[in-house]
Amino acid sequence: RVGYASGEDVLFVLDRVGGFIAYKTSADNPIRYFEFSRTTLGDVNVAKALVADRLGYVYVLDGGAGRVLKLHYNSSTRVFDTYSVLRNGLSNPSDMDIHYGSSLTDPNDDVLVIANTGAGNIITVNASNGQTIQTFTSYSYGYGPQTASIQVPVGVATTRWTYSPYIYVLIKQGTSYSVASFNSSGTGGMA
């Protein structure tokens, strides 16, 4: 997975197998590396996703450990200077995206959207403190009041820059896939 922090002009690439992040700014000649095993975070069991916000925070979804890691990239020193576990207790999560809030300089209104595959739901999480905002468990389909549960969500995407965000969810149903969309009030339907 790849993330780009436009405010910091840095590109981040998550290595799913080796447990590290490679990153490069336009000012850097060498590619730099951040290895999880050399930190108090320990090994990343199954790296599933990486997203970056506008202020230099990078979020990594560790599917094997059911957690979201939050790292801060310091543009002056060009290293990750702080890191922590933002969220624990996820059930085999498979994907993550970020919706930028309405403020261009306040990361407190940025929202992480997580496909919590093992629990059969989608959760939205405050990127600042890891608290759950909403949980999506079902969506509407067809005509009328028919609903279906989100049994195996395997992918998520958001409309990043809108004031009325939409979340798109890739749902596995046996051997086929469908896409559901949700608006900010939690109303969902087939996309």
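Which strands each supply at least two residues of the nonpolar patch?

**Entry 1, the surface patch.** I began with this question, keeping in mind that the model is predicted. I found that strand S16 (166-173) and strand S17 (176-183) each supply at least two residues of the nonpolar patch. I then listed the members of this surface patch, which are Tyr 166, Tyr 168, Leu 170, Tyr 177 and Val 179, and I noted an area of about 430 Å² for the patch that they make. Strand S16 gives the largest share, with three residues, while Tyr 177 is found in strand S17.

**Entry 2, the open sheet.** I next looked up the sheet formed by four strands, which is open, has the order S5-S6-S7-S8 and is antiparallel in its pairing. Its edge strands are strand S5 (47-52) and strand S8 (79-87), and each of these pairs on one side only. From one strand to the next, I read a twist that averages 20°. For the pairing of S5 with strand S6 (residues 57-62), I recorded five bridges in the antiparallel sense, and as one contact to check by eye I wrote down Ala 47, whose bridge partner in S6 is Asp 62.

**Entry 3, strands S2 to S4.** Here I followed the pairing through strand S3 (residues 20-25), which is joined to strand S2 (residues 10-15) by six bridges, the two running antiparallel. Within this pair, Phe 12 has Tyr 23 of S3 as its bridge partner. I then turned to S3 and strand S4 (residues 32-35), which also run antiparallel and are joined by four bridges; in S4, Phe 34 is the bridge partner of Ile 21.

Technical notes: Residues numbered from 1 in each chain as written. Predicted model: local features only at pLDDT ≥ 70, side-chain atom pairs only at ≥ 80, totals over all residues. Heavy atoms only, no water. Pairing = 2+ DSSP bridges. Axes fitted to C-alpha atoms, helices over the stretch in contact; angles between N-to-C directions. Patch = residues over 30% accessible without salt bridge, like charges linked within 9 Å, V, L, I, M, F, W, Y side chains within 5 Å. Areas by Shrake-Rupley, 256 points an atom, 1.4 Å probe, with all protein chains shown as cover. Salt bridge = Lys/Arg side-chain N within 4 Å of Asp/Glu carboxyl O.
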